[in-house]
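Q: The structure shown below is to be discussed through the reasoning behind its labels. Please set each value against the criterion that applies to it.

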Amino acid sequence: MKTVLLLGASGSIGSQTLDIIRDNPNDFKLVAFSVGNRHEKIDEILKNHQEVRSIYLIDEGKAIEYKAKYPHIKFYSGEKGLAKLTNNADYEMCVEALVGIAGLEPAVIALKRNKILCLANKEALVTGGHIINNLLKEGKGKLYPIDSEHVALAKCLKKVKPEEIDKLIITASGGALRNVPLDELDNKKASDALNHPTWKMGAKITIDCATMMNKGFEVIEAYYLFGYGLDKIEVLMHDESLVHSMVKTKDGRYIIDYGKPDMHNPIRYAMYEGKAFLDTIEVRDLNELKDCHFHKFDPKRYPCVLLAKDALKQKGLSLVALNASNEICVNAYLKDKISFLNISKTIARIMSKVDNNPNPSLEEVLNFDKYIRDLTKEMIK
Ligand SMILES: NC(=O)c1ccc[n+]([C@@H]2O[C@H](COP(=O)([O-])OP(=O)(O)OC[C@H]3O[C@@H](n4cnc5c(N)ncnc54)[C@H](OP(=O)(O)O)[C@@H]3O)[C@@H](O)[C@H]2O)c1
């Protein structure tokens, strides 16, 4: 039985994590959680999880109201509240399903406290992969990714020796606008881009799928999680999202994680600390997978992947700038303040202004993140 702190309980990954905790009461007990603005989820969550003793929500006034209603629970709120919750609550496992850089500091705190960290928040690895890896090297905590592609790679990598590996192949659906002609892309609004063909997810990641910044982030995550360089990591388009990623061996075999797209599976895999539930399959030719279609990645359609790879070559503050400018641009696109193609163009302009430090501290990362956010907002204006 593991006691669990769930960060981002009101979101897409958060609510699927709640399903797993509810369905496996002998293995997991929810003792603390956070929501953001959707505080109305608190009552509903507490009905199913009565052992909760700590909660975070953004609004400080609402936190006082909830405290009056649930006096036995400690409530946190405000800017530093998430960090305080992660620092003070009593838990063994942190499932981190926040979106954006808000997830970095709690991830670092959970590891510093030697906890098991099941990490969905990819922005934490993108902006602080070097900090997280240093903590793991010092023997602090354990890390299990939740992203389906990285769970797939972790499963496939268990089946081969390092010297047998030719490539890690990360599959990509191409997002909601994948079939839109290039000259019509810029007219597409957020309502079009939010209509993902194979996955139902939060708004930010769904837009990141349409630009494929999400795939760029996944390349960065794979680098930090598995230690393979850009020459070993490939992106392959795959329409059906049935192959979650694969490893190609030097003798031409593909080790594949195959299954219907359902995030409960990778979340479960992480929460059970990498004990496989579904096995991998192996083929010599991808055409053997009759229900799957694969295509080459097109860098013209998806410049964000190249921006992400460039930032990874620079590391440090370049990755922070990539993430911060992307968060601001996606937000602006969701509010119809910039067009689709201006997302990648604005990020490229910001990246050209970065004076890099390849190994920043957490404080430097957070300060630089704020600076780039302001710069991007100015540029968009
Ligand atoms: N969804 C997927 O299938 C999927 C798959 C792979 C990886 N991921 C990654 O997992 C993470 C979560 O994705 P998601 O789709 O679950 O996102 P989501 O549905 O938007 O949920 C995000 C959660 O974070 C909370 N939050 C956002 N900003 C916050 C802040 N400043 N302070 C405190 N809480 C804040 C939200 O609270 P409120 O909503 O209450 O405001 C919500 O609980 C992302 O990094 C994403 O890239 C998601």
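Q: What makes Val243 count as buried?
A: In this predicted model, Val243 has 23 other C-beta atoms within 10 Å. The label requires 20 or more, so Val243 is buried.

Q: Where does Val243 lie, and which residues is Val243 in contact with, leaving aside its neighbours within four places in sequence?
A: Val243 belongs to strand E10. Leaving aside neighbours within four places in sequence, its contacts are Thr171, His238, Ile256, Tyr258, Leu289 and Cys292. A contact requires C-beta atoms within 7 Å. For one of these partners, Ile256, the C-alpha to C-alpha distance from Val243 is 6.7 Å, with their positions 13 residues apart in sequence.

Q: Why is Ser241 called partly exposed?
A: Ser241 has 18 other C-beta atoms within 10 Å. Buried begins at 20 and exposed ends at 12; the count for Ser241 falls in between, and therefore Ser241 is partly exposed.

Q: What is the phi of Ser241, and where is Ser241 found?
A: Its phi is positive, about 55°, although Ser241 is not a glycine. Most residues other than glycine have a negative phi. Ser241 sits in the loop between strand E9 (233-238) and strand E10 (243-249).

Q: Why is Lys315 called partly exposed?
A: With 19 other C-beta atoms within 10 Å, Lys315 does not reach the 20 needed for buried, yet exceeds the 12 that would make a residue exposed, so Lys315 is partly exposed. Lys315 is placed in the loop between helix H12 (303-314) and H13, and has a positive phi near 65° although it is a residue other than glycine.

Q: Which residues have the most contacts inside the largest nonpolar core?
A: They are Val4, Leu5, Cys118, Ile220 and Ala308, in a core of 117 residues. Helix H13 (residues 317-334) gives the largest share of this core, 11 residues. Membership requires a residue to be buried and of a listed type, Cys among them. Leaving aside neighbours within four places in sequence, Cys118 is in contact with Met93, Val95, Glu96, Tyr144, Ile146, Ala270 and Met271.

Q: How many residues of each class does the shell around the ligand have?
A: The shell has 14 nonpolar, 11 polar and 5 charged residues. Of the 30 residues around the ligand, those that come nearest are Gly11, Gly36, Arg38, Met201 and Gly202. Glycine counts as polar.

Q: Which helix gives the largest share of the shell around the ligand?
A: Helix H1 does, with 3 residues. Helix H1 (12-23), helix H6 (122-137) and helix H9 (203-211) each supply at least two residues. Domain 1 (2-145) and domain 2 (149-296) each contribute at least three residues to the shell.

Note on methods. Residues are numbered from 1 along each chain as its sequence is written. This is a predicted model: local features need pLDDT of at least 70, side-chain atom pairs count only at pLDDT 80 or more; totals for chains, interfaces and linings use all residues. A nonpolar core is a set of buried Ala, Val, Leu, Ile, Met, Phe, Trp, Tyr and Cys residues joined through C-beta atoms within 7 Å. Two residues are in contact if their C-beta atoms, placed from the backbone, lie within 7 Å. A residue is near a molecule or strand if its C-beta atom, placed from the backbone, lies within 6 Å of it. Domain bounds come from an automatic or database domain assignment.
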